[in-house]
Amino acid sequence: MKTAVYPGSFDPVTMGHMNIIERSAGLFDEVIIAVLRNSSKIPLFTIEERVKLLKIATKKFPTVRVETFSGLLVNYLETKKVNIIIRGLRAVSDFENEYSMALMNKKLKHNIETVFMITEDKYAFLSSSKIKEIYRHGGRAKDLLPENTEQFLIKKIESKLESREKF
Ligand code: PNS
């Protein structure tokens with residue numbers, strides 16, 4: 001049984017992530033989406049909300065499950081007895097960071113393999129941060145988000161703006 005881990009912040013999940021999840025589910029027997037808890041970036045959504053949105057978005061994939069992790073990714077992989085990391089690559093600009101992360105993970109644990117999947121061109125410009133920026137300023141990009149995620153995003157931004165909370 002080949003299992004792979006797809007790690008990330010998923011703040012929130014986008015159609016770019018969904019594209020990688022769907023294609024990975026076709027390649028591996030099981031895919032674990034691993035949401036990072038202790039990111040240095042301040043997330044818009046809590047860890048519970050990010051997991052919930054991912055679970056809703058992936059419920060049609062029976063071999064995909066959603067978990068969380070903290071600390072080093074390679075240690076989490078070890079606890080799961082998995083050695084494959086999936087990462088999406090959008091553009092050359094992603095490459096440098098992804099390359100060093102893959103090499104660093106391999107340096108930390110030699111049996112780790114990072115599998116890069118090229119994001120479909122229609123999502124090559126898409127990122128969770130761009131989505132948040134668009135919605136924060138009243139723009140809409142419904143087709144770039146999984147069903148349900150958009151409503152959560154609109155509500156979350158409204159509540160942050162109402163409470164004058166910085167985000
Ligand atoms: O969606 P992101 O924010 O690009 O995902 C980045 C993530 C979560 C994969 C990465 O930051 C990560 O693995 N963090 C955990 C700490 C770690 O193991 N870092 C890699 C060593 S360089």
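A salt bridge is a side-chain nitrogen of Lys or Arg within 4 Å of a carboxyl oxygen of Asp or Glu. Glu 67 and Arg 65 make such a pair, with their closest N and O atoms 2.5 Å apart. Welcome to this structure, which is a predicted model. Below is a short tour of its pockets, a nonpolar patch on its surface, and its salt bridges.

**The largest pocket**

- Let's start with the open space: the largest pocket holds about 1,300 Å³.
- Its lining is made by 49 residues. If you want to find the middle of the pocket, look for Gly 8, Ser 9, Lys 41, Arg 87 and Glu 98, which lie nearest its centre.
- Both strands and helices take part in this lining. The strands β1 (3-8), β4 (84-89) and β5 (113-118) each supply at least two residues, and so do the helices α1 (15-27), α4 (92-108) and α5 (128-136).
- Helix α4 gives the largest share of the lining, with nine residues.
- Sorted by class, the lining of the largest pocket has 22 nonpolar, 18 polar and nine charged residues.

**The second largest pocket**

- The second largest pocket has about 200 Å³ of space.
- Among the residues that line the second largest pocket are Met 15, Met 18 and Glu 22. Its lining also includes Ile 56, Ala 57, Lys 59, Lys 60 and Phe 61, and Pro 146, Glu 147 and Asn 148 belong to it as well.
- Helices α1 and α2 (47-57) each supply at least two of the lining residues here.
- The largest share, three residues, comes from α1.
- By class, this lining divides into six nonpolar residues, one polar residue and four charged residues.

**A nonpolar patch on the surface**

- Val 92, Phe 95, Tyr 99 and Leu 103 together make a nonpolar surface patch of about 440 Å².
- One member of the patch, Phe 95, sits in helix α4.
- How exposed is Phe 95? Its relative accessible area is 40%, so Phe 95 counts as partly exposed. That value also fits its place in the patch, because patch residues need over 30% relative accessible area.

**Salt bridges**

- The count of salt bridges in the model comes to 11.
- Return now to the pair from the opening: is Glu 67 buried or exposed? Glu 67 is buried, because its relative accessible area of 18% falls under the 20% cut-off.
- Its partner Arg 65 has 33% relative accessibility, so Arg 65 counts as partly exposed.
- These two residues also belong to a wider group: Glu 30, Arg 65, Glu 67 and Lys 80 are linked in a network of salt bridges.
- Another salt bridge joins the side chains of Glu 113 and Lys 106, at 3.4 Å from N to O. Glu 113 is partly exposed at 41% relative accessibility, and Lys 106 is partly exposed at 24%.
- A further salt bridge brings together Lys 122 and Glu 120, at 3.7 Å from N to O. Here Lys 122 has a relative accessible area of 46% and is partly exposed, while Glu 120, at 32%, also counts as partly exposed.

Methods
Residues are numbered from 1 along each chain as its sequence is written. This is a predicted model: local features need pLDDT of at least 70, side-chain atom pairs count only at pLDDT 80 or more; totals for chains, interfaces and linings use all residues. Side-chain values use heavy atoms; hydrogens and water are left out. On a 1 Å grid over the protein atoms alone, a cavity is a set of points where a 1.4 Å probe fits but cannot get out, and a pocket is an open set with protein on both sides within 12 Å along at least five of seven lines; lining residues have an atom within 4 Å of a point. Grid points are joined across faces, edges and corners, and a volume is the space filled by probe spheres set on the points. Helices (H or I, at least four residues) and strands (E, at least two) are DSSP runs, numbered from the N terminus. Ala, Val, Leu, Ile, Met, Phe, Trp, Tyr, Cys and Pro count as nonpolar, Asp, Glu, Lys and Arg as charged, and the others, Gly among them, as polar. Patches are made of residues with over 30% relative accessible area and no salt bridge: like charges are joined within 9 Å, nonpolar side chains (Val, Leu, Ile, Met, Phe, Trp, Tyr) within 5 Å. Accessible areas come from the Shrake-Rupley method with a 1.4 Å probe; for residues, only the protein chains shown count as cover. Buried means under 20% relative accessible area, exposed over 50%, partly exposed in between (1.4 Å probe, protein chains only).
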